[in-house]
Amino acid sequence: MVLHRLAGSSLLLATALACAQTPYTEDSTYRGLGGQEGIKKIVDTFIPLILADERIKATFEDTDMKQLAERLAEQFCEFSGGPCKYTGKYKGKDMASVHIDLKISNAQFNALAEDLQIAMERNNVPNSVANKLIAKLAPMQRDIVTK
């Protein structure tokens, strides 16, 4: 199951790189995630997974996890077609500028995507909905992976 999920994550991320990173114009994915309440539950499940994941937890040692949780919830909401606006620019920096010094690898990016999929599974998000959100987030790989 984990190997299937990892293979699916990698394939989905690779395929989605060709997609434009734009929010949805309709809200079926947002509704499939359970709206803002469902997204909060997903993020509340996701953060502990990140912090327990030996592959990536060190990357988050100096991160304000409360702020990260708020930004992730906004991002998932906006990119799934919800009513939220992502305010994630940190101190005026874009995604690439925020991550450039972190030296994030493709393996670490994929580990984070896998943890997100696990969080969505644990919150009973249908695979079709989870895959749509991952596909919308995947193009950020270009800005985040610097190693």
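These are my notebook entries on confidence, helix packing and salt bridges in this structure.

**Entry 1: confidence**

I began by reminding myself that this is a predicted model. I looked up the overall score and found that the chain averages a pLDDT of 79, with 70% of the residues scoring at least 70. Where is confidence lowest, and where is it highest? Helix α1, residues 2-16, sits at the bottom with a mean of 46, while helix α3, residues 35-52, is at the top with 97.

I then checked the start of the chain. Over residues 6-23 the pLDDT stays under 50, and the model has 33 contacts beyond four places in sequence for this stretch. Where pLDDT is low, the predicted coordinates should not be read in detail. I moved on to the helix pairs with that in mind.

**Entry 2: α3 with α4**

I turned to α3 and its packing on α4. The angle is about 135° and the axes are 9 Å apart. That makes α3 oblique to α4, since an angle of this kind falls short of the cut-off of over 145 for roughly antiparallel. I noted a right-handed crossing for this pair.

Which residues of α3 meet α4? I listed Gln36, Ile39, Val43, Phe46, Ile47 and Leu51 from α3. Facing them in α4 are Met65, Leu68, Ala69, Leu72, Ala73, Phe76 and Cys77. By class I have twelve nonpolar residues, one polar and no charged in this contact.

**Entry 3: α3 with α6**

Next came α3 against α6, again at about 135°, with 8 Å between the axes. The angle makes α3 oblique to α6, and the crossing is right-handed.

From α3 I wrote down Ile42, Thr45, Phe46, Leu49 and Ile50. From α6 the list is Leu112, Asp115, Leu116, Ile118, Ala119, Met120 and Arg122. How do these residues divide by class? I have nine nonpolar, one polar and two charged. I also spotted Phe46 in the contact with α6 and in the contact with α4.

**Entry 4: α6 with α7**

I followed α6 (residues 106-122) on to α7 (residues 127-137), where the packing angle is about 150° and the axes lie 10 Å apart. The two helices are therefore roughly antiparallel. α6 passes α7 in a right-handed crossing.

On the α6 side, Ala113, Leu116, Gln117 and Met120 make the contact. On the α7 side I found Ala130, Asn131, Leu133, Ile134 and Leu137. The classes here are seven nonpolar, two polar and no charged. Leu116 and Met120 of α6 touch α7, and I had already listed both in the contact with α3.

**Entry 5: salt bridges**

How many salt bridges does the structure hold? I looked this up and got ten. I picked one of them to look at: the side chains of glutamate 70 and lysine 66 meet at 3.2 Å, N to O. Both residues belong to helix α4, residues 65-79. They are four residues apart, about one turn of the helix.

Terms used: Residues are numbered from 1 along each chain as its sequence is written. This is a predicted model: local features need pLDDT of at least 70, side-chain atom pairs count only at pLDDT 80 or more; totals for chains, interfaces and linings use all residues. Side-chain values use heavy atoms; hydrogens and water are left out. Axes are lines fitted to C-alpha atoms, for helices over the stretch in contact, and angles run from 0 to 180 degrees between N-to-C directions. Angles under 35 degrees count as roughly parallel, over 145 as roughly antiparallel, 65 to 115 as roughly perpendicular and the rest as oblique. A crossing is left-handed if the near helix is turned anticlockwise from the far one by less than a right angle, and right-handed if clockwise. Contact means heavy atoms within 4.5 Å. Ala, Val, Leu, Ile, Met, Phe, Trp, Tyr, Cys and Pro count as nonpolar, Asp, Glu, Lys and Arg as charged, and the others, Gly among them, as polar. pLDDT is the predictor's confidence in each residue, from 0 to 100. A salt bridge is a side-chain nitrogen of Lys or Arg within 4 Å of a carboxyl oxygen of Asp or Glu.
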